[in-house]
Structure formats: structure tokens, C-alpha cells
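The following exercises concern burial, helix geometry and a pocket. Please work through each task with the model in view before reading its solution.

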Amino acid sequence: MAKWRGAVAVAPLPLPAVRQGSEVPSEAQALEVSRRKEAPVLRRPPARPLVTWVLPRRGDDSFEPHAEPRRPTTNCKHRKASNLSSTVQQSSVERLTVAIMPAYNSVFNQDPNPPRLIGNFPLLPLRTKTRGPAYTLPAASPPLPPGESPDPDSESYDVLDEVLALFRANTFFRNFEIQGPADRLLVYGIWFLSDCLQRIKPNAAARDAQKDVTNLALDLNFAIPGDPAFPLNQMYEPPRDRQDAEQLRQYMSQVRQELAARLLARVYADDETKPSKWWLSFTKRKFMGKAL
């Protein structure tokens, strides 16, 4: 006769028959049989189907950026999608609009006075004391600390201030649309800053970092547009002759030295014993997937 324990019916199990001539069950065996008699019968609950949204595959001709997802399906063989609840089938799916933010371009593209070009590389004015072919802009008034830039509306604001301001934002982008000659100088400046940050060790003091970065900036054995080692020759035109190539090299060397000095002033603005982590965290970033 079945016994009831709570809401579960427990059916007694038959005791093993004792054959004639066999040994009588021991006390431990009797306790085991008694435990099995009182054990409840557990039943596994029915499996619930998993509902998933099937999205279009990449490369599918029917893919649209704002298309509705397909109807839900189930992974249970014994159920069909038509047996799903009407709430899931009739629920409306809002369209998701993905806005891709473009990289920042140079404001010097709209300069009413176009700069001189060598190939298509601009020779923009610079606020610097380094000798070179660049036109020198006046110093900021009143004087600013070495790690700060003048206001963009000031006449002392140059393209190198813009390179330092946009470096950390543009480094995340692998695509960049060149909208003017100043963008080519912006791209080259970001590449050079990445190269400088790789020379700064995490525990290096300001004096050691200045030695390594300055040696990199003063090295004249670097590639210019048109050289096989230049990273993006399809975007840069080579100089017409050797004289233009030498003048372009002098201008780019002037840019490299001034950028190196301004970068060091910002990296060690708070502590001269160790570099700023907010700059070194961009060491492994490669703008447009390229490097000098």
C-alpha cells in the first residue's frame, strides 16, 4: 500500500525473498532496504525550449542595416515555432540606429591662406624656436606653461597644438578621411607621437625619457613621402626633385623636434619621476593600423 509523504506518493519496494538455505539478511542490509522503501521518486521537469533571434549572416544579400530580425525559432525538436506564446511572436522590435562617429579632421583645412605644398604635404606655420623652413608664429601672450596650448582662436595656435589635442581621440580609429592638406600633417604627427611614447619606459624619469625621445627627434634618417619605408605612400605625393625633398626633410625634422618637446612637457607635467599613465596607456594604439 502506498504511503504519502507531503505531496509525493511513495510506493514500497518489495523485500528480497529469502531462499531456503540462504543466510538471513544482516541489520545493515535491512536498514538499506528500509531507506530505499522511503526514498521519494524524483521526476525531471519537462525541458523548456530556448528562444533565440536569428540574425542575418554577414555577406547575406538580404541584409539591411535597419532590417527587422527574423522570427524566433526554438531548439526543441518536439515543438515548433508556431507553438510559442503569442507574446513573443507579436512583440514589436524597435529598430536600432547605429551612428558611427568619424575621426577628427584638422581645422587648418579651412585656412583662407593656403600653405605651400611639397608634393601634397603642407608647410604650415609653427610656434617654435627650432631652426627650419617653417614660418615662425609669435609666442603666446601672456606666456603659458610648457604643457599647455594657447586658445584655438589665438594667432599663436598652430597645427602641432592640434596634433597633441586630437592624438588620444583619433588613435582609436582605423579609418580616416583626408579632407585637406593639413590632415596629412595631422596624420604624420599622430604617428610620430605614437613612436615617441613607445620610447618612454613606464618607470623612466623625465631626464632619461628626454634623452631617448630627443635622440629620436634629432635623427635625420627617417622616411619621407615617396620613400619605400614611408607607411602610406598612396596618400602622399613624393617631392618633385632633390631640392624639394631636402626642404621637406628639414621641415619634418622641425616638426618632430617641436612635437617631442611639447609631448615630454605634457607627459611629465605632474611628476618628473614617472610618466603620466594617461599618456602611456596609448602606447600600443596604432592610428589607421600604421606606424613609422
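**Exercise 1.** In this predicted model, determine which residues of H3 are buried and what covers them.

*Solution.* Begin with the residues: Val-159, Leu-160, Asp-161, Glu-162, Val-163, Leu-164, Leu-166, Phe-167 and Asn-170 of H3 are buried. Next, place these in the helix: H3 runs over residues 159-170, and nine of its 12 residues are buried, so the rest of the structure largely encloses it. Finally, the cover over the buried residues includes helix H4 (181-199), H6 and helix H7 (277-280).

**Exercise 2.** Establish why Val-159 is classed as buried, and identify its contacts beyond four places in sequence.

*Solution.* Val-159 belongs to helix H3. Its relative accessible area is 1%; the cut-off for buried is under 20%, and Val-159 is therefore buried. Beyond its neighbours within four places in sequence, Val-159 contacts Phe-108, Leu-124, Leu-126 and Leu-185. Of these, Phe-108 is 51 residues away along the chain, yet the two C-alpha atoms are 7.3 Å apart.

**Exercise 3.** Check the span of helix H6 against its number of residues, and examine its start.

*Solution.* H6 covers residues 242-267, a total of 26 residues; at 1.5 Å a residue, the expected span is 38 Å. The end C-alpha atoms lie 37 Å apart, which agrees. At the start of H6, a side-chain oxygen of Asp-241 comes within 3.4 Å of the backbone nitrogen of Gln-243.

**Exercise 4.** Describe the largest pocket by volume and lining.

*Solution.* The volume is about 480 Å³. Among the 18 lining residues, Arg-127, Lys-129, Pro-146, Glu-258 and Arg-262 lie nearest the centre. By class, the lining comprises 10 nonpolar, two polar and six charged residues.

Technical notes: Residues numbered from 1 in each chain as written. Predicted model: local features only at pLDDT ≥ 70, side-chain atom pairs only at ≥ 80, totals over all residues. Heavy atoms only, no water. 1 Å grid on protein atoms, 1.4 Å probe; cavity = no way out; pocket = protein on both sides within 12 Å on 5 of 7 lines; lining within 4 Å. Points joined across faces, edges and corners; volume = space filled by probe spheres on them. Nonpolar A, V, L, I, M, F, W, Y, C, P; charged D, E, K, R; others polar. Helix = DSSP H or I, 4+ residues; strand = E, 2+ residues; numbered from the N terminus. Expected span 1.5 Å × (residues − 1). Polar contact = N/O pair within 3.5 Å; in protein donor to acceptor, adjacent residues only side chain to side chain. Buried < 20%, exposed > 50% of the residue type's maximum accessible area, 1.4 Å probe, protein only. Contact = heavy atoms within 4.5 Å.
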